[in-house]
Amino acid sequence: MNQPPHIELGKVAEVTFWFWVVKIAATTLGETAGDAVTMSMHLGYLVGTAIFATIFVVAVAAQIRTTRFHPFLFWGVIVATTTAGTTLADLLDRSLGIGYLGGSTILLLLVIGTLALWHRALGSVSVSAITTRKAEVFYWATIMFSQTLGTALGDWAADPNAGLGLGYEGGAIVFAVGLALVGAAYFWTRISRTALFWVAFILTRPLGATVGDLLDKPHAAGGLEMSRYTATAALAAFILVCVVLLPQRAERITR
């Protein structure tokens, strides 16, 4: 007789509509917080990257060591990847002179390479198959690279001199449309749900990056010139309210 599947709860958040709402807010916060440290505090990209990379390492180590899903810890790691990704992408693209397109290309290859290694090692890159610490390491490495890639893509789309020149609003619209198309493919096609998840995960980052830049960049650069500290605090408060009030469940794992 066939045994019914055994369902367990994993350690990462269940992918729902509200997951994407909080994810976009977290990516926007990553942009404003990263810029606040590197630009408003005048610490520079190298120091900013060192600060946020340290926070990420500590947070992800705690996440991997825990034995169950903790919403605040999980979203804390996500925010850590967005802030570290912002400063790291800016360090690569601007300080090291690789450029937005060059940085985006390198980071895209890193995302694809990590997913390929993950699939080869464990047979699946689905969030519902994260059952071991090795899978968690691959998951967070992929997220870290995708968050960094998203920053570079957002800057490349918006920049009028070294990019496509779409501006912050234009870039946000392009990535929002791309995300909507992924959503349509989820509901009306049979394309792999796992592939669509990772495409959506990547696209939410440049969407958040361009929205974050729209909020805090000067009027002369096409932004609203909102205080980076104010924008960061408002976004952090929104995320906190969402985590407290919205259903936060762990991804279900079927064995």
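**Exercise 1.** In this predicted model, determine which ring Arg193 lies over and at what distance from the ring centre.

*Solution.* A charge counts as sitting over a ring if CZ of Arg is within 6 Å of the ring centre and within 35 degrees of the ring normal. Arg193 is placed over the face of Tyr186, 4.7 Å from the ring centre.

**Exercise 2.** Identify the ring whose face Lys23 lies over, and then characterise the aromatic pair that Phe197 and Phe201 form.

*Solution.* Step 1: the ring is that of Phe201, with Lys23 at 4.2 Å from its centre.
Step 2: Phe201 also pairs with Phe197, at 5.6 Å centre to centre and with 50° between the planes. Planes under 30 degrees apart count as stacked and over 60 as edge-to-face, so the pair of Phe197 and Phe201 is tilted.
Step 3: both residues belong to helix α7 (residues 193-216), where four residues, about one turn of the helix, separate them.
Step 4: Phe197 and Phe201 are both buried.

**Exercise 3.** State how many aromatic pairs the model contains, and analyse the pair of Phe19 and Trp75.

*Solution.* Step 1: the count is 17 aromatic pairs.
Step 2: for Phe19 and Trp75, the centres lie 5.4 Å apart and the planes make an angle of 50°, a tilted arrangement.
Step 3: this pair links distant parts of the chain, since Phe19 is in helix α1 (residues 17-40) and Trp75 is in helix α3 (residues 71-95), 56 residues apart.
Step 4: Phe19 and Trp75 are each buried.

**Exercise 4.** Establish which cluster contains Phe19, Trp75, Phe197 and Phe201.

*Solution.* These four residues belong to one aromatic cluster. Its other members are Trp20, Phe69, Phe74, Trp118, Phe138, Tyr139, Trp140 and Trp198.

Terms used: Residues numbered from 1 in each chain as written. Predicted model: local features only at pLDDT ≥ 70, side-chain atom pairs only at ≥ 80, totals over all residues. Heavy atoms only, no water. Phe/Tyr/Trp six-rings, centres within 6.5 Å; stacked < 30°, edge-to-face > 60°. Helix = DSSP H or I, 4+ residues; strand = E, 2+ residues; numbered from the N terminus. Buried < 20%, exposed > 50% of the residue type's maximum accessible area, 1.4 Å probe, protein only.
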